Amino acid sequence: MEAPLLHLALVGTPNSGKTSLFNALTGSRQKVANYPGVTVERKEGFFVTPLGRQVSVVDLPGTYSLRGRSPDEEITRDFVLGKASGETVPDLVLCVADSTNLRLTIRLLLELKRTGRPMILVLNMFDIASRRGITVDVERLAKELGVPVVTSIAVRKGGTADLLALTDEISARLAAEPQENSWRALSVSELRATQREADRIIADCVSLPARPDTWTARIDAVVLHPVGGLIVLALILFVMFQAVFAWAQPAMDLLKSGFDALGELVKATLPDGLLQSFLQDGVISGVGSVIVFLPQIILIFLFILLLEDFGYMARAAFLMDRIMGGAGLHGRAFIPLLSSFACAIPGIMATRVIDNKRDRLTTILIAPLMTCSARIPVYTLIISAFIPAKDVWGFINLQGLVMFGLYATGIISALAVSFVIKFFMIRDYAPAPFMLELPDYKLPRLKSIAIGIYTRAKMFLQRAGTTIFSMMVLIWFLASFPQPPAGSTEPAIDFSLAAMIGKALEPLLAPVGFNWQIAVALIPGMAAREVAVAALGTVYAIEGGKEAAEQIGQVLATKWSLATALSMLAWYIFAPQCASTLAVIRRETGSWGWMAVTFTYMLVLAYAASLVTYNVAVALGAG
Amino acid sequence: MTDHDDTRPHMPLGLALRGYTGVIQHLSTKDTGSALSDIELESRLIELGFVEGARVEVLHEGLVGRDPIAVRVDSITIAVRRREAMAIIVA
Ligand SMILES: Nc1nc2c(ncn2[C@@H]2O[C@H](COP(=O)(O)OP(=O)(O)O)[C@@H](O)[C@H]2O)c(=O)[nH]1
Ligand SMILES: [Mg+2]
């Protein structure tokens, strides 16, 4: 007879090694998804015990108690209590402890015991504890706690053997144990009492030589130095930028030419017509334009996971907290916002390092205001066509100055929006005070980094791919139907729904100085912002598309006024029309509402900025 | 109390400078100006190990207003803002 799937849950304080243990147990047999309705990552994996029992294990968000003070911690609590919707109650809870630092976990465990769930205390990082001369009387600890205790080294091969054996042993007699839940939120005095009890048990069972990690102290002396620390941070950021912009480029070019070649192949093999256009323009170039970001996403996650595993992320948050706090942002928002300069998609995905819902949402909402790399082609085109390359104040190039101004305006707007959100919008959670454990530094492990990147990349391709694919089909459809009548000489797009929409939108866009051609270009620009450049080319019936950017520039210079050009630049600072970003926001927030909010507020800002820019420019005689 | 630390003046950890070492005497979450309610703040501090008798040392300070601070609490290091640290009375 096949025994039913055994459900395990990993619970513990942050940085106790839950994810490492999860990776050690399951390898790459993992499913990453979101819990319904909340912005919390749900990671489930599968493995088989030595005795052949099929097991599912869930890596729960780190927590110090079951009070549920953030959405993550609520998930952990509800999951353990069996209240999470659509989830099975865990058959066995693995309470994971950092053996060098047992106080907080033992207190958590005493609280967990009240839920009546069968439990094992896993003394993880036992290698580090042994190295520091910490000894634990495991048998006595198990007796005092009334819970089986096992040691483990999540990052070493075979380091979980004892845990696996114990799991088999316990699961064999699980059904016999009655389970009664007497848990309720602890009052302050109960919390204190529990901590006292935990400290007493530790004093009885654990001998702690007072030998803190000297490496951590030495590294922190530099890395957390008020001035030196910021310099180190700036250096790390510089390398990260360099990697994302420069090192990713060859891989991106390769992917891009791969998709182009595929498109050409389709063009060559299929007869001209709808199917060919659908596959080439809709599917291959559309989905391809998003997949080319994969190298940047992999690199950004490589950096983030490395820094996280090393223990640096908490330090970066420490250094930036006050600096970003002025705008109502949490210190942890720093890295995601930085990543958004490459592309808002990885940036928004990286907000998962922020554990507070409100802070995470604010960061997601403003991430698209960071000037992403997709805006660069648009900026470059318009600036080179309209802004003279002369020097101002003798040494600064005017074109460069305008470019810098566009970046700066994006950043300032992001801070301003965050400030507004802080005061007027999201009030359902108390703002998180900055209280963060700074873990000891650890050597990052290749295996867990590789698994982390693999699961993220897979998710990006799968989930974002499907949503983006359907958007692409829609946009292709709008730009292709209805077909031009036979024998017509004008560009096909003139007859399409896109053109009709463009002309319908024209009266709305006239106040900001946009003609219908721009309105049309904004539509395919929804797929990815840089597509607008090619679209303008198509609309103005120029041969060559993107390659002939300079030529488009010349045409634009004759067809647009300077005021229109400036207005277009102002529009693109906010440019709400990036379908893939919106799709990712929808996925990460689990809500169409927040996607709509982002789209609307950016549209309003774009319109207002263009309106002001256009009218001021006209008044100054640039119309 | 017979603790030898009683001879030292009691002060909030939020005012301590880098290098300060002491022992937590009690928590007093009234009027710290923290966004959290008194009970919530006290609970969180206890959950991070800030309990009576714990040994603390201020290891690092931020650049702006010497804030936040990194505090060694027995065997772990916690970063807190000075505002929340005002609730921790040390001597
Ligand atoms: N030496 C050692 N390092 C470990 C062990 N378990 C985890 N780590 C490291 O501890 C850090 C935090 O682990 P992680 O699994 O991310 O903790 P989580 O926050 O509980 O998911 C990582 O750098 C791991 O490589 C262990 O048993 N021994
Ligand atoms: Mg983890």
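Trainee: Which residues of chain A does UniProt annotate as "transmembrane region"?
Mentor: Keep in mind that we're looking at a predicted model. The annotation comes from an unreviewed UniProt entry. In chain A that record covers residues 227–248, 283–307, 327–349, 361–389, 401–425, 460–479, 554–574 and 594–620.

Trainee: Take residues 554–574 of chain A, then. What are the helix content and the end-to-end distance there?
Mentor: This span is one of those in the UniProt "transmembrane region" annotation. In the model it has 0% strand and 90% helix. From one end C-alpha atom to the other, the distance is 25 Å.

Trainee: And how far apart are the ends of residues 361–389 of chain A?
Mentor: UniProt's "transmembrane region" annotation includes this stretch too. The chain is 59% helix here, with 0% strand. Its end C-alpha atoms are 40 Å apart.

Trainee: What does the length of helix α11 in chain A say when you set it against the expected span?
Mentor: The helix runs over residues 294–310, which makes 17 residues. At 1.5 Å a residue, they should span 24 Å. The end C-alpha atoms agree with that, sitting at 24 Å.

Trainee: Which residues of α11(A) are buried, and what phi does G311(A) take just after the helix?
Mentor: Buried here means under 20% relative accessible area. The buried set is L294(A), P295(A), Q296(A), I297(A), L299(A), I300(A), F301(A), F303(A), I304(A), L305(A) and L307(A). Right after α11(A) comes G311(A), whose phi is positive, at about 105°.

Trainee: What about α6 in chain A: what is the distance between its end C-alpha atoms?
Mentor: Residues 161–172 give α6 12 residues, so at 1.5 Å a residue the expected span is 16 Å. Among its buried residues are L163(A), L166(A) and I170(A). The end C-alpha atoms agree with the expected span, at 17 Å.

Trainee: How many residues of helix α3 in chain A are buried?
Mentor: α3 covers residues 103–113 and is mostly covered. The buried ones include charged names such as R103(A), R107(A) and E111(A), along with L104(A) and I106(A). The count is 10 of 11.

Trainee: Over to ligand 1. Which residues come nearest?
Mentor: There are 17 residues around ligand 1. By class they split into 6 nonpolar, 6 polar and 5 charged. The nearest are K18(A), T19(A), S20(A), D127(A) and D309(A).

Trainee: Which atoms of ligand 1 do the side chains of K18(A), S20(A) and D127(A) approach, and how much of the ligand does the protein bury?
Mentor: An N or O atom in the side chain of K18(A) is 2.7 Å from an oxygen of ligand 1, and a polar side-chain atom of S20(A) is also 2.7 Å from a ligand oxygen. D127(A) puts a polar side-chain atom 2.8 Å from a ligand nitrogen. Alone, the ligand exposes 570 Å², of which the protein buries 90%.

Trainee: Which helix gives the most to that shell?
Mentor: In chain A, α1 (18–26) and α4 (126–131) each supply at least two shell residues. The top contributor gives 3 residues, and that is α1(A).

Trainee: Is S56(A) buried or exposed, and which side chain does it contact?
Mentor: S56(A) sits in strand β4, residues 54–59 of chain A. Its relative accessibility is 1%, so it counts as buried. Its side chain makes a polar contact of 3.4 Å with that of H7(A).

Trainee: Now chain B. Which domain does UniProt place at residues 11–91?
Mentor: Over that range the chain is 17% helix and 36% strand, with end C-alpha atoms 6 Å apart. The entry is unreviewed. The name given is "Ferrous iron transporter FeoA-like".

Trainee: Which peptide bond is cis in the loop between β3 and β4 of chain B, and what is its omega?
Mentor: Most peptide bonds are trans. P68(B) lies in that loop, between β3 (55–61) and β4 (69–73). The cis bond runs from D67(B) to P68(B), with omega near -10°.

Trainee: What are the phi values of R66(B) and D31(B)?
Mentor: R66(B) is in the loop between β3 and β4, and D31(B) is in the one between β2 (21–27) and α1 (38–47). D31(B) counts as exposed at 77% relative accessibility, while R66(B) is partly exposed at 43%. Both phi values are positive: near 50° for R66(B) and near 55° for D31(B).

Key:
Residues numbered from 1 in each chain as written. Chains lettered and ligands numbered in written order. Predicted model: local features only at pLDDT ≥ 70, side-chain atom pairs only at ≥ 80, totals over all residues. Heavy atoms only, no water. Near = heavy atom within 4 Å. Polar contact = N/O pair within 3.5 Å; in protein donor to acceptor, adjacent residues only side chain to side chain. Areas by Shrake-Rupley, 256 points an atom, 1.4 Å probe, with all protein chains shown as cover. Helix = DSSP H or I, 4+ residues; strand = E, 2+ residues; numbered from the N terminus. Nonpolar A, V, L, I, M, F, W, Y, C, P; charged D, E, K, R; others polar. Expected span 1.5 Å × (residues − 1). Buried < 20%, exposed > 50% of the residue type's maximum accessible area, 1.4 Å probe, protein only. UniProt positions renumbered as here; feature names shortened; annotations may be inferred.
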